[in-house]
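Thanks for coming. I will go through a few local features of one chain, mostly backbone oddities and cysteines. Please have the viewer open.

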Amino acid sequence: MLSRKFGKEVTNYFAGLPFNRVGFLRGDHTFLNAAVKHPSTSFLLFQNNGPLVKDESKLAFVSYKDVAPLVGNDPFRGSEAQLIEEYNSTITRPLLVLLGLDERQKNGITYKSYSGAPYFALDVTPKGTIKEQAESVISALEAKGLKFFHGRSHMKFSPEEAAIFAMGRAVIDWNNRNPFCSQCGQPTLSVQAGFKRACPPKDLASAAAGSAAVERPPCAARNTISNVSFPRTDASIIVAVVSNDGKRTLLGHNNRWQPWWYSTLAGFCEPGESAEEATRREVYEETGVRIGRVVIHSTQQWPYPSSLMIGAIAQALPGAEEITYHDKELGDAKWFDLAEVEEALNLRAIPMGEPAPPHFAEGKLRVPPPTAVAHQLLRAIVNGYVQ
């Protein structure tokens, strides 16, 4: 019924994770320890947020034996309460994130009523007390011809692998950017298979030899839900604005981009603001154009570091299409005929930063590739989404 009325659902690049996340098992250390060492388990490794790859278009997954020198034989040796009780801020624990179970694989682990091949993400960046172990894992894998791929151009993976990469990168990056409690400033501990950071009340690092752990100052994070405890996702909007007569669309150009490279407008949602309100505000602030109706088309997870891009299509109000610049964020903004936009969409997609293809004529419009939600929004309007 919904598909007949609104059309087929759009799954954008970096979305479409093929696993059951089994979030309710993240605190089950019995399951986690069994899953880590299961023969069907795969690990995606990250070094300084760069994934381990075979080449720039193919992720490399490894087995437990490849990471055993780093994670050890019992990485989830106790419950969350036990880990907090034994907390010692001078000891570095491997950051191991449960991505989920691939239920399509029949040779996976079976636990209670759940079955599938487990997938984990593991941070192997050499640091702290596990520096040597991490370096040994890295050296062994590089000797096999594998490498870590850094940068922000991870747009050549298959859609399925892109979704796995995006989840792993986002959670590992969140953990690494939040090593201290936002309430009291004390070091925190990663628990719940990477999906929660706890602020322990005691720290064995402060205790004298043979003494009990020293109590840390009181902290509100131990009694309430707070931003330091769970991964956050920042909401942002991205919008294809259609002219009031439905024949043109509004695109913007950033001065850092190549000439004639334009895209849809975007910005972050502010506190106390709906996605629709944020869309109207951002378009007005960046171009002076005022829009009326806003329709949500689709969304895209963006793991740099962790945003949810809410893709919208909106229509300009009558007599409010003149372009002015309020916040000077854009270098240029223009109205383009839909026919010109469609021609640009049909060109071979070239990611931003790469040279123009041989068939590209100087001065012709260039737009984002199909892996970007901006491309999907523009494709929707040239295909009659608003007609």
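Is V22 buried or exposed? Keep in mind that this is a predicted model. V22 is buried, with a relative accessible area of 1%. The residue is found in the loop between α1, residues 2–6, and α2, residues 29–36. I start with V22 for its backbone: phi is positive, about 35°, although V22 is not a glycine.

K112 is another non-glycine residue with a positive phi, here about 55°. The loop that holds K112 runs between β6 (109–111) and β7 (114–123). As for the surroundings, K112 counts as exposed, at 63% relative accessibility. So we have V22 with a relative accessible area of 1%, and K112 at 63%.

Staying with the backbone, please go to Y304 and P305. The peptide bond that joins Y304 and P305 is cis, with omega about 0°. P305 sits in a loop as well, the one between β16 (291–302) and β17 (307–316).

Next, another proline. Where is P159 placed? P159 is in helix α6, which covers residues 159–177. With a relative accessible area of 56%, P159 is exposed. Leaving out residues up to four places away in sequence, P159 touches Y13 and A15. There is also a C-alpha distance to look at: P159 and P18 are 141 residues apart along the chain, and their C-alpha atoms are separated by 9.9 Å.

Last, the cysteines. How many disulfides does the structure hold? The count is zero. C199 is in no disulfide, and the nearest cysteine sulfur, in C184, is 3.6 Å away. C199 is buried, with a relative accessible area of 9%.

Now take C219. Why is C219 not bonded to C181? The sulfur of C219 is 3.4 Å from that of C181, the closest cysteine sulfur, and this is too far for a bond. The cut-off used here is 2.5 Å between the two sulfur atoms. C219 also counts as buried, at 7% relative accessibility.

To recap for the viewer: V22 and K112 for positive phi, the cis bond between Y304 and P305, P159 with its contacts to Y13 and A15, and then C199 with C184 at 3.6 Å and C219 with C181 at 3.4 Å. That is the end of the list.

Terms used
Residues numbered from 1 in each chain as written. Predicted model: local features only at pLDDT ≥ 70, side-chain atom pairs only at ≥ 80, totals over all residues. Heavy atoms only, no water. Buried < 20%, exposed > 50% of the residue type's maximum accessible area, 1.4 Å probe, protein only. Helix = DSSP H or I, 4+ residues; strand = E, 2+ residues; numbered from the N terminus. Contact = heavy atoms within 4.5 Å.
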